[in-house]
Amino acid sequence: MPYVTPSHPAPARRRGGRRSRFLSALAAAVTLATGAALVPPAVEAQAAVTPAAAPRAAAALERVANFGANPGALTMYVHRPAALPAKAPVVVALHGCTQSAQLYADNSGLNTFADRHGFLVVYAETTTANNANKCFNWFQPGDTRRGQGEAASIRQMVAHTTTAYGTDPAKAHVTGLSAGGAMTSVLLAAYPEVFAAGAVVAGIPYGCGVDVVSAFSCMSPGADRTPAAWAQAVRDAHPGFAGPWPRVAIWHGDNDATVAPRNADELRDQWTAVHGLGQTPSRTSTLGPNNTRRSEYGPTPGQAAVEVNKVPGIGHGTPVAPGAGPEQCGATGTQHFIASICSSYWITRFFGLAGTTTEPPTEPPVDPPTEPAACWTASNYEHVRAGRATTTGGYAYAKGSGQNLGLYNTFVTHTLKESPAGHYTIATGSCA
């Protein structure tokens, strides 16, 4: 079948092989209907790849052959620091489409902090037998329900680390990129009692895609649902579970052309509602030299129930910052690992694995809406696609304020101001 952009779902071979030509036709239909072409891998790679100055040694991964019944037919690898303490935490890492456990370990930077802080990393890997493009099947009900398929296999990996490596079952965490980010959402919803926290990088809310057709729509332009509806999808994944719910960090590039940035806002809506919080941040700040915008939700500084990190100027991929500095990590020698900010450093701290969870921000936090407003000038079509607006009856409406922006097309253009986070209005004054 033709190559599909790395986060795009492909039909699972073990579900039947007759969808290949249908998927290609669907992609073409989506392109014609929206008037926007899907980003080809070569174009995205140019933005995402910075050639490495020198070859990096491959991370040492240990394959684990027998970790359970493995109903999802996944492969388990671990990175074990030389001095793994007793009752160590464990972080599950899920690669993106077309990637592998080894590639994710070599480039994401997670092993740097596992060695520094003493936690085990489990790299789950899927295969082309499961999905033609090696995507985790985040959109297949047989792989996303509690006790079934790929989600159940990953749950078994976590249980195995307790018996085989002595990890602390109360300190399990999960993170992933793209399809791996979407599967992170699945695991947090299906097994909330297993994972203390998760970090979704360029991913999708739980319950959005249930087949190939809906998966494309979830990716772009994304689905606009109420916080209550998103939260109910999570609760339905494990009926009767009363909490505590996992804490969730969300990372997304502002210029992601594969998984629309609006998915970060929908993920925020989903998990703030699950935690019984509103969608106005408790604190805002910026991180790193690139001024990644962080919004935190929850009453306790440094222990936010939900946080959203919007990385400026990058497309679809894992933000990394190659180098030997304390806040640097990763490599950019392959596509979808983008030089900007070391997300693994901040994710490790969010998980509470760096000795403290109270990292002081690089700028003093301010209470919205006094934070300088960010602005975007684009067509109504692009505003909807990026999650800054919604569309109903052929018209576009600014998200949060509900202002009518006019016809939903590529010809009507507005400058939208975001203040506070997730609340957009037509700009009438100055912007950052």
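Let me start with one pair of residues: Leu177 stands opposite Val201 in strand 6. Strands here are DSSP E runs of at least two residues, helices are H or I runs of at least four, and both are numbered from the N terminus. Strand 5, residues 172-177, and strand 6, residues 197-201, run parallel and are joined by five bridges. Two strands count as paired if DSSP finds at least two bridges between them.

This is a predicted model, in which local features need pLDDT of at least 70 and side-chain atom pairs count only at pLDDT 80 or more, while totals for chains, interfaces and linings use all residues. Residues are numbered from 1 along each chain as its sequence is written, and side-chain values use heavy atoms, with hydrogens and water left out.

On confidence: pLDDT is the predictor's confidence in each residue, from 0 to 100. The chain average is 83, and 81% of the residues score at least 70. Over residues 1-55 pLDDT stays under 50, and it also stays under 50 over residues 356-371.

Now the sheet. It is open and mixed, with 10 strands in the order 1-2-4-3-5-6-7-10-9-8. Strand 1 (62-64) and strand 8 (283-287) are the edges, each pairing on one side only. From one strand to the next the twist averages 20 degrees.

Two helices lie across it. Helix 10, residues 262-274, lies across strands 6, 7, 9 and 10, at about 170 degrees to strand 7. Helix 11, residues 343-350, lies across strands 5, 6, 7, 8, 9 and 10, at about 165 degrees to strand 7. Angles run from 0 to 180 degrees between N-to-C directions, with axes fitted to C-alpha atoms, for helices over the stretch in contact; contact means heavy atoms within 4.5 Å.

Last, the cavities. A cavity is a set of points on a 1 Å grid, over the protein atoms alone, where a 1.4 Å probe fits but cannot get out; lining residues have an atom within 4 Å of a point. There are three of 30 Å³ or more, volume being the space filled by probe spheres set on the points, which are joined across faces, edges and corners.

The largest holds about 110 Å³. Its lining includes His252, Asp254, Asp265, Arg293 and Lys310, and strand 7 and helix 10 each give two or more residues.

The second largest has about 50 Å³. Val201, from the opening pair, is among its lining residues, as are Thr175 and Ile347. Helix 11 supplies the largest share, three residues.

Methods. 1 Å grid on protein atoms, 1.4 Å probe; cavity = no way out; pocket = protein on both sides within 12 Å on 5 of 7 lines; lining within 4 Å.
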